[in-house]
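Subject: The structure, and what turned up in it

Hello,

Here is the structure I promised to pass on. Please open it next to this email, and my notes will follow below.

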Amino acid sequence: MPTVVILDASLSMMRPLTTSSADASSTETRRSVAQTSLCSMFDYITANDRMEFCSLVVFSSLYEVLVPFTRDHNELKRAVQSVDTYDKTLLDTVLTSLNTYVMEEWGSITPVQIILVTDGNPGIGAGSLCQMLAEMNVQVDPKKNPLPFVFPSELHVFLVASQAELQQGHTLLHYQQLVDANSSGQLHTVEGALSPKSVQSMFLKYAESQHSMFSTTLHCGNLSSDVQLFPRPKTTAVEKDTEVLSKEIGSDLHIFGFLDMVDIASPPSLSRHLVIPINLRDKSSEGKDGGGEKGEDETSSAVSTEEGKAPSFCVLLHGSLKVNNMVAMVQIAEDWYGMLYSWADSKKKSNMMLSLYEPGSTPLSWLGKTSLLGPCLAFDENPYGDNNKTPFPVRPAQKRSYAQNPVVWIKTGNLQSDVQKILRYARKLPDKTPVFYKELNRLRRAALSFGMQELLLGISSLLERECTLLPGTSHPDAALQLTHAAKMVKNSVSKEYTYNIVPLSTNFSGAT
């Protein structure tokens with residue numbers, strides 16, 4: 001999931017890391033140690049979770065987005081080291097503005113991790129942590145509070161301070177309340193004495209828990225391939241009658257069959273993950289060959305040269321699924337299934353994805369029990385029939401509402417466009433009579449659905465006005481149709497939704 005790092009750039013972050021006389025000569029500040037620790041965290045993400053999008057934001061009384069979401073972690077490291085010093089710590093502004101920033105980039109569905117790095121100073125006055133928590137408790141409208149975020153998120157607060165400092169003024173309690181206000185997240189503090197090593201250990205511990213590589217082995221008969229799943233799958237809770245069980249993806253994924261993509265349709269899924277082939281043997285051998293600089297360069301160049309030439313079952317499977325327009329059914333764990341398929345984010349590039357279903361024996365209702373699926377050869381008669389029509393999914397006879405072409409009037413321009421379309425066809429009567437009445441009925445049904453009866457009265461007045469503006473050379477049927485349409489639109493306000501306005505029958509040769 002994308003990660004936003006919020007770094008405190010206030011004056012209090014420039015305090016010395018420790019005030020003991022033994023370390024009085026040290027030039028380390030809380031911010032410099034936090035910067036070094038963040039660089040170590042970005043190095044870990046580069047090595048183990050290189051597909052992760054990260055962003056860097058600094059704040060004091062104001063905030064600034066130093067690096068937008070990117071996968072270039074070296075750019076993030078350079079930006080962290082070049083942070084300037086500003087004034088006081090105010091959390092309210094940056095947390096409130098973060099909602100807009102993330103929503104513009106990822107929307108309201110993508111989960112995002114928020115990392116807040118500060119020295120534990122809650123700030124003073126309006127916008128401080130204590131003032132913000134007090135206002136959140138008395139706020140009548142919860143939507144005006146900065147927390148919880150309007151998007152799915154985890155808030156991780158890193159406090160570069162000693163335990164003794166955090167106990168003063170209930171600082172630790174206030175920051176825990178901040179995490180609890182988001183309902184998801186964790187408060188991170190240093191273990192033992194405050195030192196560069198303990199601060200770096202705090203950041204690396206988080207990185208190992210959230211950004212470690214998740215590798216597994218994909219099996220299909222006698223073929224197998226080591227793969228990495230991105231993002232890292234999370235533990236899934238399954239509610240039973242008397243208990244709640246936790247489901248985790250095991251070290252092996254087994255393909256047990258293939259289905260046409262039209263049979264699988266668009267199934268509901270818990271999460272989607274990018275499947276990346278990896279060579280675990282090369283990674284383990286790199287640690288053993290760690291000699292001088294020259295030896296390391298020769299090893300890495302040899303690995304990169306041979307990587308493109310080594311046969312990969314994962315690449316073969318991806319190409320086969322893409323060409324044949326099929327999906328591979330995968331067993332994730334006991335009584336838990338998913339599917340592998342080719343997904344293209346552009347016309348030139350495609351990737352293999354893994355979608356995880358809800359745990360259970362019947363994740364897709366139209367396929368029945370997954371454990372009972374078998375090849376067509378196992379049946380006496382071909383279930384697809386002689387005409388090769390696919391039996392899945394079983395589609396209802398009536399079209400779903402989302403399969404139609406709905407009328408959308410979110411913006412004023414959409415409604416204005418539909419009204420202008422009717423007027424354009426009205427000026428081309430009687431040649432456009434069928435299309436004119438089709439659009440008129442479409443607008444009438446939409447107006448009744450939205451409760452906009454006044455709109456129909458306005459359309460009736462517009463049609464009457466168009467009738468008076470017809471030129472003398474126009475077909476006589478045009479005036480008749482406009483008068484008829486204006487009258488029927490006004491009278492149809494009280495009629496039922498399925499009622500259709502039909503054209504007026506005339507004796508003119510131009511009538512349609």
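Which strands and helix each supply at least two residues of the lining of the largest pocket? Before the answer, please keep in mind that this is a predicted model.

The largest pocket

The elements to look for are strand S5 (153–159), helix H7 (196–211), strand S12 (271–277), strand S14 (336–344) and strand S15 (350–356), each of which supplies at least two lining residues. S12 gives the most, with four residues. The volume of this pocket is about 1200 Å³. It has 36 lining residues, and those closest to the pocket centre are Met1, Phe230, Pro231, Arg272 and His273. Sorted by class, the lining has 16 nonpolar, eleven polar and nine charged residues.

Two of those central residues deserve another look, since the peptide bond from phenylalanine 230 to proline 231 is cis, with omega near -5°. Proline 231 sits in the loop between strand S8 (223–230) and strand S9 (236–239).

Other backbone details

A cis peptide bond also runs from leucine 147 to proline 148, where omega is near 0°. Proline 148 belongs to the loop between helix H4 (129–138) and S5, and S5 is one of the strands that help to line the largest pocket.

Asparagine 325 is worth a click as well: its phi is positive, about 55°, although this residue is not a glycine. You will find asparagine 325 in the loop between helix H11 (313–324) and strand S13 (326–333).

Helices H13 and H14

Now please move on to helix H13 (residues 433–449) and helix H14 (residues 453–468). Their axes come within 8 Å and cross at roughly 150°. With angles over 145 degrees counted as roughly antiparallel, H13 and H14 are therefore roughly antiparallel to each other. On the H13 side, the contact is made by Phe436, Leu440, Leu443, Arg444, Ala447 and Leu448. H14 brings Gln453, Leu455, Leu456, Ile459 and Leu463 to the contact. By class, nine of the contact residues are nonpolar, one is polar and one is charged.

A salt bridge and a cavity

How many salt bridges does a search of the whole structure find? The search finds nine. In one salt bridge, the side chains of aspartate 418 and arginine 442 meet at 3.9 Å, N to O. Aspartate 418 lies in helix H12 (residues 412–426) and arginine 442 in H13, so this pair ties together parts that are 24 residues apart in sequence.

Both partners turn up again around the largest cavity, which is lined by Val407, Trp409, Asp418, Ile422, Glu439, Arg442 and Leu443. H12 and H13 are the elements that give two or more residues to this lining, and H13 gives the most, with three. By class, the cavity lining has four nonpolar residues, no polar ones and three charged ones. Leu443 has a place in this lining and also in the contact of H13 with H14.

The volume of the largest cavity is about 40 Å³. In total, the structure holds three cavities of 30 Å³ or more.

If you would like a place to start, try the cis bond from phenylalanine 230 to proline 231, then go on to the salt bridge of aspartate 418 and arginine 442.

Best wishes

Methods:
Residues numbered from 1 in each chain as written. Predicted model: local features only at pLDDT ≥ 70, side-chain atom pairs only at ≥ 80, totals over all residues. Heavy atoms only, no water. Axes fitted to C-alpha atoms, helices over the stretch in contact; angles between N-to-C directions. Parallel < 35°, antiparallel > 145°, perpendicular 65-115°, else oblique. Contact = heavy atoms within 4.5 Å. Nonpolar A, V, L, I, M, F, W, Y, C, P; charged D, E, K, R; others polar. 1 Å grid on protein atoms, 1.4 Å probe; cavity = no way out; pocket = protein on both sides within 12 Å on 5 of 7 lines; lining within 4 Å. Points joined across faces, edges and corners; volume = space filled by probe spheres on them. Salt bridge = Lys/Arg side-chain N within 4 Å of Asp/Glu carboxyl O.
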